[in-house]
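Grab a pencil and open the model in your viewer. Below are a few short exercises, each with a worked solution.

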Amino acid sequence: MSEWLQCIGCGRRFDPSEVRYTCECGELLSVERDVMPRRETFDARLSSRRTIDKSGVWRFREAVLEVDENEIVTHPEGATRMYERESGVGGRESELGVVSSDPRPSTPDTLFFKHEGENPTGSFKDRGMTVAMTQAKRLGARAVACASTGNTSASLAAYAAQAGLRAIVFIPSGKVSTGKLAQTLAYGATVLAVRGDFDAAMQLVREASDRLGIYLVNSINPFRIEGQKTIVWELLQDLEWNAPDWIVVPAGNLGNTSAFGKALGEAFDAGWISTMPRLASIQASGANPFYRSYRDGFAERHRITAETIASAIRIGDPVSHAKAVTAIQLTNGIVEEVTDEELMLAKREIDEMGIGCEPASATTLAGVRKLHAAGVMKEGERVVCVLTGHLLKDTDAILRNVPPERTIEIDATIDAVERALSR
Ligand SMILES: *Cc1c(COP(=O)(O)O)cnc(C)c1O
């Protein structure tokens with residue numbers, strides 16, 4: 001067998017055709033393989049017109065999932081843009097203020113934004129979902145389920161529609177943005193609005209999938225992680241395999257932090273990159289259990305009741321905690337927290353660069369500001385911020401924060417236009 005499931009705790013191996021999310025010892029599973037291709041294989045596919053080569057996930061297929069090509073469920077996804085911006089972007093620092101008291105812009109020289117909001121359903125979740133859904137079909141699943149703060153549910157609903165599977169999503173009632181909920185319903189999913197928070201919905205969907213035999217596609221599912229690794233590989237490829245100094249990622253359920261660590265470890269071991277970037281995982285301070293553990297030297301796993309405006313990361317008991325600890329240790333990474341005020345300020349900056357993202361994604365820039373002010377990130381370092389979700393995912397959060405005078409209602413006369421613009 002060249003691909004298998006392996007317990008991250010006791011190391012026990014399982015056949016990947018078994019429906020299983022955790023080991024008998026209770027720990028998470030990881031997909032492992034013994035052969036990795038050369039990176040030239042991936043580069044050669046950049047000029048191909050084939051759908052699986054154009055997918056930013058399946059372009060890396062030998063290192064993602066061993067599967068017959070015609071079994072793949074792909075939109076396609078990935079192949080997102082990388083935006084390069086100078087520090088002090090747009091000269092707006094003085095207007096917006098920076099997080100530090102330092103009057104100079106608190107950024108390294110060059111910032112890159114890898115915009116995962118440009119995936120087919122508007123978030124990075126599609127990268128994991130294409131792999132989990134492909135695996136669901138191979139296993140003969142008829143229904144798929146997840147707990148979600150909104151983006152996983154939208155992605156699951158879209159891919160289940162494509163695969164012809166029933167989609168069932170568990171959301172915390174009243175806690176998912178209107179756009180994400182509407183999107184999930186539009187793709188045809190059944191929505192169970194759980195009276196409780198995300199962590200309660202997560203518990204419930206795990207029980208329900210065991211009891212009802214529904215295939216679970218949360219990031220506890222190790223095949224999701226395999227897809228999400230390609231965010232890192234694609235950004236490395238975007239940089240012509242010259243690894244950046246830092247990769248900055250929002251941290252909620254910790255699937256991405258885990259996937260990024262695994263991706264970097266594999267890229268380094270396979271010789272695709274010659275230096276190891278440091279991971280910076282950024283949490284909202286009201287939803288910071290991983291940050292608390294980091295501060296303890298990971299002596300303890302924290303579970304809290306989470307509250308933040310960034311609903312995508314409003315998670316108090318992250319499922320992938322153990323894998324994320326490994327990711328931080330492997331990359332000499334760090335975990336930081338930012339307040340809602342700091343992340344919304346950073347969101348406005350990203351929005352006003354003409355790039356835009358949802359609130360959770362802006363923890364990246366807010367984190368960069370803070371880490372740079374603290375001297376952790378240094379002048380001249382190359383930093384990639386991964387923007388996880390699209391601007392339009394959470395319009396309520398924008399409209400609540402835009403000053404009302406930015407919209408001027410006028411009569412349909414040229415005089416009214418002149419008056420309005422001269423104010
Ligand atoms: C899911 C999500 C996150 C959190 O990612 P994890 O892998 O759960 O840590 C961050 N931002 C957005 C927009 C998301 O949808």
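A residue is called buried under 20% relative accessible area, exposed over 50%, and partly exposed in between (1.4 Å probe, protein chains only). Keep in mind that this is a predicted model: local features need pLDDT of at least 70, side-chain atom pairs count only at pLDDT 80 or more, and totals for chains, interfaces and linings use all residues. Residues are numbered from 1 along each chain as its sequence is written, and side-chain values use heavy atoms, with hydrogens and water left out.

**Exercise 1. Classify Tyr187 by its accessibility and describe its surroundings.**

Step 1: take the cut-offs above. Tyr187 has 32% relative accessibility, so it counts as partly exposed.

Step 2: place the residue. Tyr187 sits in the loop between helix H6 (178-186) and E8; helices (H or I, at least four residues) and strands (E, at least two) are DSSP runs, numbered from the N terminus.

Step 3: list the contacts, meaning heavy atoms within 4.5 Å. Setting aside neighbours within four places in sequence, Tyr187 touches Pro120, Thr121, Ala154, Ala157, Ala158 and Ala161.

Step 4: check a distance. From the C-alpha of Tyr187 to that of Gln162, 25 residues apart along the chain, you should get 9.5 Å.

**Exercise 2. Glu240 has a positive phi, and so has Trp241. Work out whether each is buried or exposed.**

Step 1: read the angles. Phi is about 55° for Glu240 and about 65° for Trp241, although neither Glu240 nor Trp241 is a glycine.

Step 2: find the loop. Glu240 belongs to the one between helix H8 (222-238) and strand E10 (246-250), and Trp241 also lies between H8 and E10.

Step 3: apply the cut-offs. Glu240 is exposed because its relative accessibility is 64%. Trp241, at 6%, is buried.

**Exercise 3. Find the peptide bond from His75 to Pro76 and say what its geometry is.**

Step 1: look at omega, which is near 5°; the bond is cis.

Step 2: locate Pro76, which is in the loop between helix H2 (51-54) and strand E4 (82-86).

**Exercise 4. Trace the order of the open sheet of 4 strands.**

Step 1: recall the pairing rule: two strands pair if DSSP finds at least two bridges between them.

Step 2: walk across. The order is E8-E7-E6-E9, with parallel pairing. At the edges are strand E8 (190-194) and strand E9 (215-216), each of which pairs on one side only.

Step 3: zoom in on one pair. Strand E6 (residues 143-147) and strand E7 (residues 166-172) run parallel and are joined by 5 bridges. Ala145 faces Ile168 in E7.

**Exercise 5. Describe how domain 1 and domain 2 meet.**

Step 1: set the bounds, which come from an automatic or database domain assignment. Domain 1 is 1-35 and domain 2 is 82-121 + 223-401. Their C-alpha centres are 28 Å apart.

Step 2: size the interface. Buried area is the accessible area (1.4 Å probe) that two parts lose on being put together, summed over both. Here that comes to about 680 Å², 64% of it on carbon and sulfur atoms. In contacts, 10 residues of domain 1 meet 8 residues of domain 2.

Step 3: look for a salt bridge (a side-chain nitrogen of Lys or Arg within 4 Å of a carboxyl oxygen of Asp or Glu). The rule finds 1 across this interface. Strand E3 (residues 29-33) gives the largest share of the domain 1 side that touches domain 2, 5 residues.
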